[in-house]
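Colleague: I have not seen this structure before, and I would like to ask how each term is justified as we go through it. Could you show it to me?

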Amino acid sequence: MKLNSANINVMVKACRKAAKVLIRDFGEIENLQVSVKGPGDFVTASDKKVEKIIIDELLKARPDYSILSEEAGEIKNNLTYRWIIDPIDGTANFLHGIPHFAISIGLEKDGEIICGIIYDPIKDEMFLAEKGNGSYLNNQRIRVSSRSKLKNCIIFTGGPRKESDTRDLSLKEYNNFSSKVLIPIRKLGSASLDMAYVAAGRCDGFWQRNLNYWDIAAGIILVKESGGFVTDFYGENKYLENKTILVANSKINKEMIEILK
Ligand code: IPD
Ligand code: CA
Ligand code: CA
């Protein structure tokens, strides 16, 4: 492991422990898929179980850090450091037996993300980043792609949710993208992995509305440390306030902003 600060080690340990349970539960899904009741409640229980393992591990190592986690909400301690956790990002995939989901943990210091881990337990792919020290996939340094022509790119997006009040806007943005530039757009169903894949240069950009902080916290540092841009749809830093996020390599981000704004 090239990144081995104490906090990184804490995150890796928590992830590996939780992943064991996640992999075992994912194996169960296939059986439940064919049962009349379906895997719905089982998945909710899995989410909570995995979250508990992560939180217990993190608190054991760092009892005074605060926590914001999707299911458990806020645990307020130390005001300087805060873990931001999504125990399963890609629950719908998990529920359907599609092997594409991740554990995502970011670490904030004074409001800024300084470390991030996104772990895909099925493919055993661990994306890690630390401020000033770069981004890694397993032990290899990763960089965003250098593709500069949108027509040669692959772009990821997600949503909209059925019930969201910006559903029509999201659909309009999707149509703008696909009609203006005939590029492949993908919806893979895990925002954290979407961002990790931009960081690794597997795809070139990603945009989405209405994501929560735990969906993107670890992804933000991964993309930044791999040389990519993270902004809102207007090219500014207000992705949390505006609830729009755009990540891309430095060559196509302006063109993406033009299409989205
Ligand atoms: C979801 C995934 C998905 C995105 C949704 C998120 P969850 O997170 O990241 O890709 O489109 O907006 O809520 O519910 O699986 O943790
Ligand atoms: Ca999520
Ligand atoms: Ca989740």
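Modeller: Let us begin with ligand 1, which has an oxygen atom 3.0 Å from an N or O atom in the side chain of Gln208. This is a predicted model, in which local features need pLDDT of at least 70 and side-chain atom pairs count only at pLDDT 80 or more, while totals for chains, interfaces and linings use all residues. Residues are numbered from 1 along each chain as its sequence is written, chains are lettered from A and ligands numbered from 1 in the order in which they are written, and side-chain values use heavy atoms, with hydrogens and water left out.

Colleague: What makes the pair formed by ligand 1 and the side chain of Gln208 a polar contact?

Modeller: A polar contact is a pair of N or O atoms within 3.5 Å (within protein, one must be able to donate a hydrogen and the other to accept it, and residues adjacent in sequence count only if both atoms are side-chain atoms). The distance to Gln208 is 3.0 Å, so the pair qualifies. Oxygen atoms of ligand 1 also lie 2.7 Å from an N or O atom in the side chain of Asp89 and 2.7 Å from a backbone N or O atom of Gly90.

Colleague: Which residues come nearest to ligand 1?

Modeller: Of the 14 residues around ligand 1, Asp89, Gly90, Thr91, Arg161 and Gln208 come nearest, where a residue counts as near if one of its heavy atoms lies within 4 Å. The largest share of this shell, 3 residues, comes from β3.

Colleague: What makes Asp86, Asp89 and Asp215 donors of the calcium ion (ligand 2)?

Modeller: Donors are N, O and S atoms within 2.8 Å of the metal (3.2 Å for Na, K and Ca), and sites may look incomplete because water is not among the atoms. The OD atoms of Asp86, Asp89 and Asp215 lie 2.1 to 2.3 Å from the calcium ion (ligand 2), so they fall within the 3.2 Å set for Ca. Asp89 in strand β3 and Asp215 in helix α6 (residues 213-225) are 126 residues apart, and the pair links distant parts of the chain. Helices (H or I, at least four residues) and strands (E, at least two) are DSSP runs, numbered from the N terminus.

Colleague: Which residue coordinates both calcium ions, and how far apart are they?

Modeller: Asp86 coordinates both the calcium ion (ligand 3) and the calcium ion (ligand 2), which are 3.7 Å apart. The calcium ion (ligand 3) is coordinated by Glu70 (OE), Asp86 (OD) and Ile88 (O), at 2.2 to 2.3 Å, and these donor residues are spaced E-x15-D-x1-I in sequence.

Colleague: Why is Asp86 called buried, and what is Glu70 called?

Modeller: Buried means under 20% relative accessible area, exposed over 50%, and partly exposed in between (1.4 Å probe, protein chains only). Asp86 has 1% relative accessibility and therefore counts as buried, whereas Glu70, with a relative accessible area of 32%, is partly exposed.

Colleague: How do you know whether Ser46 and Glu57 are buried or exposed?

Modeller: Ser46, found in helix α2 (residues 40-61), counts as buried because its relative accessibility is 0%. Glu57 is also placed in helix α2, and at 7% relative accessibility Glu57 counts as buried. The side chain of Glu57 makes a polar contact with the side chain of Lys17 at 3.1 Å.
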